[in-house]
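Biologist: I have a model open and would like to learn how to read it. Could you walk me through it?

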Amino acid sequence: MNPLLFTDGYKVDHRRQYPENTTLVYSNWTPRKSRIAGVDEVVFFGLQYFIKKYMIEDFQENFFNQPKEVVCKRYARRINNYLGENKVGVQHISDLHDLGYLPMVIKALPEGVSVPVRVPMFTMYNTKPEFFWLTNYFETLLSTTVWLPCNSATIAKQYRTILDKYAQETSSVPEFVDWQGHDFSMRGMAGLEAAKLSATGHLLSFTGTDTIPAIDFLETYYNADSDTELIGGSVAATEHSVMCMGTDTGEQDTFKRLITEVYPSGIVSIVSDTWDLWKVLTEYLPNLKEEVLNREGKVVIRPDSGDPVDIICGNPNAKTLKEQKGVIELLWDVFGGSINSKGYKELDSHIGAIYGDSITLERAEQICERLKQKGFASTNVVLGIGSFTYQYNTRDTFGFAMKATYGEVEGEGREIFKDPITDDGTKKSAKGLLKIIKSNGTYQLIDKVTWAEEKQGELKEVYRDGKLLVNESLVNIRKRMKAV
C-alpha cells in the first residue's frame, strides 16, 4: 500500500490550503501533559523504528520502487473514491516520485532519555520548498507509531524505580530487579505492532518478557544481537489448561511430574490457583518439599486471581490464617530461607513466586511496602506486568501532539502557534523555531530562536533526505535509561 495513504483523510488537501508560495513547514513532537500522578518526564523511544520502517523501508518498496504511473493511478483512485469530486490531484505525488527520496529533516534528542512535559522530543521540516506539505502530512503516521513506545517505556521506568528502591532497602540481590518486572502484555494489546512497540519499551528497563517478537524487533531496528547480549528472556511455565488436564484430584501429581520429570532442573513457573491456591501452599508443597529442595533450580508458584497485594502479602482481615499470611509467608513456613545483611527474609533459592494479573504501579508499590513491613525482601516476588498496565493508556496519557510552530512564505519566516481560549493551557504550543538546552541535567525548551540558534542545542539530525544519520543500539539506549 502506498504509504502516502497512511494519513488522516483531512490531510490530503492541506497542500492547497496553506498560503500561496508557502515554502517550509517546521513542526515538533511534544508530550504536553501527564495524567499519571508524580510523572512529569516522559521517556523518548520509537523514532528510529518509525524512520527505518516507514520513511525508508515502506517508502522505498511501496512508493519509489513502484512504477510512477501505477502509484499515481492508485492514489487518484483511492482519493477520488474517498472524497468524491475533488481537486487534490496527483502532480505533487508524481513530483515526489521523480525526486526519489523524502526531502525531510528530523532532529531529535537521544532515544532513551527522559524529557520533561512540554519539551519537544524531536522536530521535523522539509528541505525542498515544493514539498512543504510533507511535514504535517506525516503527523498521523508519526503519532500512531511513536506515542505507544514512549508511554510504555515511561511506565516501565516507573516500575523500575519502585522495584529498585525497595530492592536497595531490603534485598541482597538488587540486580534481580532486571527480571522482577516481566512483560505479559502481548495478548491484550491492539494488534501485533502495538504489542511489539509496547514490549520493546518495557525492555528498556527490564529483561523479562513473554513477547518473543519484541526480540526480533530490537535486532531489526535497534542493532541488538541476542547471540552476544541479553535482549529479553523467560522461563518454562504452565497455564491453566495444563493444570486442568491433570484433574482437580490429581493436582499434586501434576506438580510432582512437572518438577521431577518434565523439568528436573532449571526454573519452572507453575500456575497454582486453578482450584485452591491455599491447598497448594499448605498441603501439596509441604508434601513435595524434598523434591523441591533437591532440584537444581527454582520452582516458582504463580497465583493469578484475587487482589494481588492481599494474595502475595496476606490480608490481616481475612477469615483464615492462610489468607492472613499470604503466599510469601506461607512459602517461608514450608521452605524457610535466610535473613540477609539488611535484616530481611529471603526465601530459599529453590522456591519463589510470581503474580501476573492486574498489576499496577500502585499495587507494585503496595506489594513491596507490605512485604517490607512483614520483614521480607521485595525480590521474593516477580511481578507479571500485562495489558492491565500497558493497554489502559492513550495518546492523551502524556498529551502527545505534533504541531507546526514555524513556516516560511515566499522565503519569509512566520512564527506560528496555537493557544485556544477555551482550553486549560494544555494545547498552547511553542512558537517559532525551537532550541533544546540541557541545564542541571534537565532538558529545557527555548522557542522563538533564529536559524543560527536552532542549529545549536541538544536536538541533533537523525534523518535527512532519505538517509538515516544516527543508528542507535539497544545497549546504548539502556545505558541512557540507567544513567538518570
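Modeller: We'll take domains, then the sheet, then the cavity. Keep in mind that this is a predicted model.

Biologist: Fine. Into which domains is the protein chain divided?

Modeller: Domain 1 covers 3–149 + 404–482, and domain 2 covers 151–392. Their centres, taken over C-alpha atoms, are 40 Å apart. In the contact you'll find 29 residues from domain 1 and 31 residues from domain 2.

Biologist: Next, the sheet. In what order do the seven strands run?

Modeller: Read across, the order is 7-6-14-13-10-9-8, in an open sheet with parallel pairing. Strand 7 (208–209) and strand 8 (236–237) are at the edges with a single partner strand each, so one side of each has no neighbour in the sheet.

Biologist: And what packs on the sheet?

Modeller: Helix 8 (residues 192–202) does, touching strand 6 (181–183), strand 7 and strand 14 (381–385). The helix direction makes about 165° with that of strand 6.

Biologist: Can we zoom in on one pair of strands? How many bridges join strand 9 and strand 10?

Modeller: Four bridges, in the parallel sense, between residues 268–271 of strand 9 and residues 299–302 of strand 10. For a landmark, find I270, which sits opposite I301 in strand 10.

Biologist: Now cavities. How many of 30 Å³ or more does the structure hold?

Modeller: Just one. The largest cavity has a volume of about 50 Å³.

Biologist: Which residues line the largest cavity, and of what class?

Modeller: P3, L4, F6, F59, L134, Y137, F138 and L141 form the lining. By class that's eight nonpolar, no polar and no charged residues.

Key:
Residues numbered from 1 in each chain as written. Predicted model: local features only at pLDDT ≥ 70, side-chain atom pairs only at ≥ 80, totals over all residues. Heavy atoms only, no water. 1 Å grid on protein atoms, 1.4 Å probe; cavity = no way out; pocket = protein on both sides within 12 Å on 5 of 7 lines; lining within 4 Å. Points joined across faces, edges and corners; volume = space filled by probe spheres on them. Nonpolar A, V, L, I, M, F, W, Y, C, P; charged D, E, K, R; others polar. Pairing = 2+ DSSP bridges. Helix = DSSP H or I, 4+ residues; strand = E, 2+ residues; numbered from the N terminus. Contact = heavy atoms within 4.5 Å. Axes fitted to C-alpha atoms, helices over the stretch in contact; angles between N-to-C directions. Domains from an automatic or database assignment.
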